[in-house]
Amino acid sequence: MWCFPRFQVLPTEQPTSLPNHVTRVLNLRGAQTPPYAVPKGVEYLSLFLPGGPEARVPFWKIDKAVGFVASTPAGEVCLVHCQHGLNR
């Protein structure tokens, strides 16, 4: 169903700025404005995923998030973040 290029997961706090090598951002906080500027040329997707042990996430949201990450070209970096580490 999903095909991932070779990638590395680096857990981190929500950024206050984006590293220069990031080419895509998946913000799982949804409509909340990120505390960083999204530079021109960076592909950005904002998708709200509820967090916590009782959260129920619709499959279409999971599919959209995974598809966004999976479509990151080899050699490029997709930064995925949420709030408080609940939604990753």
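Biologist: How many aromatic pairs does a search of the whole structure find?

Modeller: The search finds zero aromatic pairs anywhere in the structure, and please keep in mind that this is a predicted model.

Biologist: Then what lies over the face of F68?

Modeller: That is R24, which sits over the face of the F68 ring at 4.0 Å from the ring centre. R24 also forms a salt bridge with E43, and the closest N and O atoms of that pair are 3.3 Å apart.

Biologist: How many salt bridges does the structure hold?

Modeller: There is one salt bridge in the structure. R24 belongs to strand β1 (residues 22-27) and E43 to strand β2 (residues 43-46), so the pair ties together parts that lie 19 residues apart in sequence.

Biologist: And is R24 buried or exposed?

Modeller: R24 is buried, at a relative accessible area of 5%, whereas its partner E43 is partly exposed, with a relative accessible area of 42%.

Biologist: Let me step back to the fold. In what order do the elements run from the N terminus?

Modeller: Read from the N terminus, the elements of the protein chain run β-β-α-β, which comes to one helix and three strands.

Biologist: What span should helix α1 have, and what do its end C-alpha atoms give?

Modeller: Helix α1 takes in residues 59-70, and its 12 residues, at 1.5 Å a residue, should span 16 Å; the end C-alpha atoms are 16 Å apart, which agrees with that expectation.

Biologist: Which residues of α1 are buried?

Modeller: In α1 the buried residues are K61, A65, V66, F68 and A70. The cover over the buried residues of this helix includes β1, β2 and β3, the last of these being residues 77-81.

Biologist: Where does V66 stand, in numbers?

Modeller: V66 has a relative accessibility of 17%, and it counts as buried because the cut-off is under 20%. The C-alpha atom of V66 is 9.8 Å from that of L26, although the two residues are 40 residues apart along the chain.

Biologist: Which residues make up the largest nonpolar core?

Modeller: The largest nonpolar core has nine residues, namely L26, L28, L45, L47, L49, A65, F68, C78 and C82. There is also a second, separate core of six residues, and among them are V25, Y36, V42 and L79.

Biologist: Why would nonpolar side chains be buried together?

Modeller: As a general tendency, nonpolar side chains in soluble globular proteins are buried together.

Biologist: What share of the chain counts as buried?

Modeller: Of the 88 residues of the protein chain, 31% count as buried. As for the contacts with a separation of 6 or more, residues 24 or more positions apart account for 50% of them.

Biologist: Changing topic, where is the place of P35?

Modeller: P35 is in the loop between β1 and β2, and with a relative accessibility of 39% this proline counts as partly exposed.

Biologist: What does P35 touch, leaving out residues up to four places away in sequence?

Modeller: With those set aside, P35 touches Q14, P15, T16 and R29. For Q14, the C-alpha atoms of the pair are 8.6 Å apart in space, while the two residues are 21 residues apart in sequence.

Biologist: Is T16 buried or exposed?

Modeller: T16 counts as exposed, at 63% relative accessibility, and its place is in the segment before β1. Not counting residues up to four places away in sequence, T16 touches P35 and Y36, and its C-alpha atom is separated by 8.5 Å from that of A37, which is 21 residues away along the chain.

Biologist: Last one, N20: where is it found?

Modeller: N20 is likewise found in the segment before β1, and at 82% relative accessibility it counts as exposed. N20 and V77 are 57 residues apart in sequence, yet 9.9 Å apart in space from C-alpha to C-alpha.

Terms used. Residues numbered from 1 in each chain as written. Predicted model: local features only at pLDDT ≥ 70, side-chain atom pairs only at ≥ 80, totals over all residues. Heavy atoms only, no water. Salt bridge = Lys/Arg side-chain N within 4 Å of Asp/Glu carboxyl O. Helix = DSSP H or I, 4+ residues; strand = E, 2+ residues; numbered from the N terminus. Buried < 20%, exposed > 50% of the residue type's maximum accessible area, 1.4 Å probe, protein only. Expected span 1.5 Å × (residues − 1). Contact = heavy atoms within 4.5 Å. Phe/Tyr/Trp six-rings, centres within 6.5 Å; stacked < 30°, edge-to-face > 60°. Lys NZ or Arg CZ within 6 Å of the ring centre and 35° of its normal. Core = buried A, V, L, I, M, F, W, Y, C linked by side-chain atoms within 4.5 Å.
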